[in-house]
Amino acid sequence: MTTHPLLDGPNFAERDPHCFWKELEGFPSQCWAAQDLTLSRSQTPATPGEVRQIVILGMGGSAAGGDLLRAYMAGRLPIPIQISRGDGLPAGLGPETLLVAVSYSGNTEETLTALADALPKSPMAFVVTTGGTLAALVERQGLPGILVPSGLMPRSALGFLFFSLLKILDAKGIMPFPKEDVAEALPLVEQLAAGFGPARPIRDNEAKRLAVALEPRIPVVYGGPTTAMPAYRWKTQIEENAKRLALSGVLPELNHNEVEGWADSEARRFHIVFLRDRGEGDRLARRMAVTRDLLLRRVGDVSEVWSRGEGLLARLLSLIVLGDWVSYYLASLRGVDPWTIPAIDELKQRLRIAP
Ligand code: F6R
């Protein structure tokens with residue numbers, strides 16, 4: 001197929017009344033702008049042993065920055081990073097915990113509750129937000145934080161949220177800001193955003209081709225230990241943008257349970273996308289190949305996509321950017337507005353007015 005009647009058609013933009021494509025196209029410039037974000041208060045770097053764990057509080061799109069940080073830091077930091085979703089707190093919070101509450105709106109109920117409960121135990125706390133209650137904590141109560149630009153959907157603000165977390169780690173002396181990785185990753189992200197954007201016709205556009213292949217089926221995104229984070233991001237972006245149920249899973253664990261589920265008579269309704277990475281190693285590559293071979297006979301369709309770039313940050317971002325655009329074109333093919341999130345809004349509204 002050289003052009004697609006809907007995705008490459010002249011009335012393409014009519015299917016996107018809020019011009020959501022501009023948020024995706026603006027992701028590279030968002031990442032560049034994020035390099036200039038600063039903390040509201042200067043920090044004294046922690047002494048060795050002063051920080052024993054990092055806990056990031058956040059929900060949905062605001063938790064994704066933490067997920068990306070943990071995936072990127074895998075094996076690099078001598079201390080664990082936990083992403084805590086919900087109003088409960090992980091065990092082991094204490095004065096040696098570096099706590100970061102992330103909420104793009106600054107008003108997410110679960111994040112605010114968790115932060116209020118955590119602060120007495122873990123005063124080494126930071127926030128990342130655009131406004132709301134969290135910004136008031138920075139502006140009126142002096143909690144250190146990074147105020148990021150508003151105006152995006154939280155799930156589109158991954159660049160601001162992720163690089164803010166790296167800035168906090170740098171300020172606390174936990175990990176110097178990875179300038180070299182960023183210098184490799186951002187030009188690649190720029191190149192990919194252009195290559196997956198609406199102006200590039202389907203014959204040269206992997207994101208459009210994948211969306212067309214996925215559209216008739218329920219997407220399932222499988223990754224390995226490194227690509228598990230992008231796989232989950234694909235799932236949530238397909239759900240929020242395309243309003244389509246999607247699943248994600250991680251090898252090798254799914255070889256020990258989920259793989260049996262594909263004996264289901266409904267298996268033909270699904271399309272599995274394997275997220276591959278040059279760093280996955282021979283053993284995982286073999287697992288992926290055998291799993292793919294086994295499932296090919298059962299599911300509706302199977303695809304494979306590869307990360308691009310050299311460094312881990314570039315590779316993770318390349319898969320994220322591709323998934324974001326795939327979810328966007330899926331929305332277009334399904335005739336839904338990728339920007340609105342009516343069910344999430346209704347939930348927040350109804351919970352706010354509940355007694
Ligand atoms: C909306 C989105 C949601 C929100 C979540 C939490 O674009 O991605 O998943 O991120 O409802 O809200 P915030 O991010 O404002 O804390």
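Helices (H or I, at least four residues) and strands (E, at least two) are DSSP runs, numbered from the N terminus. With that in hand, here are some exercises on this predicted model.

**Exercise 1. Place Cys19 among the elements and check the sign of its phi.**

Step 1: Start with the place. Cys19 is found in the segment before α1, a helix that covers residues 20-25.
Step 2: Turn to the backbone angle. Cys19 has a phi near 50°, which is positive although the residue is not glycine.
Step 3: Set this beside the general rule. Most residues other than glycine have a negative phi.

**Exercise 2. Decide whether the peptide bond from Leu251 to Pro252 is cis or trans, and locate Pro252.**

Step 1: Read omega. For the bond from Leu251 to Pro252, omega is near 5°, and the bond is cis.
Step 2: Recall the background. Most peptide bonds are trans.
Step 3: Locate the proline. Pro252 belongs to the loop that runs between β7 (247-250) and α10 (258-261).

**Exercise 3. Describe the residues around the ligand.**

Step 1: Count them, using a 4 Å cut-off between heavy atoms. There are 14 residues around the ligand, and Ser62, Ser103, Ser105, Thr108 and Arg155 come nearest.
Step 2: Sort the shell by class. Five of its residues are nonpolar, six are polar and three are charged.
Step 3: Look for the main contributor. Helix α3 (residues 60-73) supplies the largest share of the shell, three residues.

**Exercise 4. Find polar partners for oxygen atoms of the ligand, then say how much of the ligand is buried.**

Step 1: Try a side chain. An N or O atom in the side chain of Thr108 is 2.5 Å from a ligand oxygen.
Step 2: Try the backbone. A polar backbone atom of Gly61 is 3.0 Å from an oxygen of the ligand, and one of Pro154 is 3.4 Å from a ligand oxygen.
Step 3: Work out the cover. The ligand taken alone exposes 400 Å², and the protein buries 95% of that.

**Exercise 5. Characterise the pocket in which the ligand sits.**

Step 1: Identify the pocket. The ligand sits in the largest pocket, whose volume is about 1,100 Å³.
Step 2: List the lining. It has 34 residues, with Met59, Gly60, Thr108, Ile344 and Lys348 nearest the pocket's centre.
Step 3: Assign elements. Those giving two or more residues to the lining are α3, α4 (109-118), α9 (228-242) and α13 (342-353); α13 gives the most, eight residues.
Step 4: Finish with the classes. The lining holds 13 nonpolar, nine polar and 12 charged residues.

Terms used. Residues are numbered from 1 along each chain as its sequence is written. This is a predicted model: local features need pLDDT of at least 70, side-chain atom pairs count only at pLDDT 80 or more; totals for chains, interfaces and linings use all residues. Side-chain values use heavy atoms; hydrogens and water are left out. A polar contact is a pair of N or O atoms within 3.5 Å; within protein, one must be able to donate a hydrogen and the other to accept it, and residues adjacent in sequence count only if both atoms are side-chain atoms. Accessible areas come from the Shrake-Rupley method with a 1.4 Å probe; for residues, only the protein chains shown count as cover. On a 1 Å grid over the protein atoms alone, a cavity is a set of points where a 1.4 Å probe fits but cannot get out, and a pocket is an open set with protein on both sides within 12 Å along at least five of seven lines; lining residues have an atom within 4 Å of a point. A molecule sits in a cavity or pocket if more than half of its atoms lie within 2 Å of its grid points. Ala, Val, Leu, Ile, Met, Phe, Trp, Tyr, Cys and Pro count as nonpolar, Asp, Glu, Lys and Arg as charged, and the others, Gly among them, as polar. Grid points are joined across faces, edges and corners, and a volume is the space filled by probe spheres set on the points.
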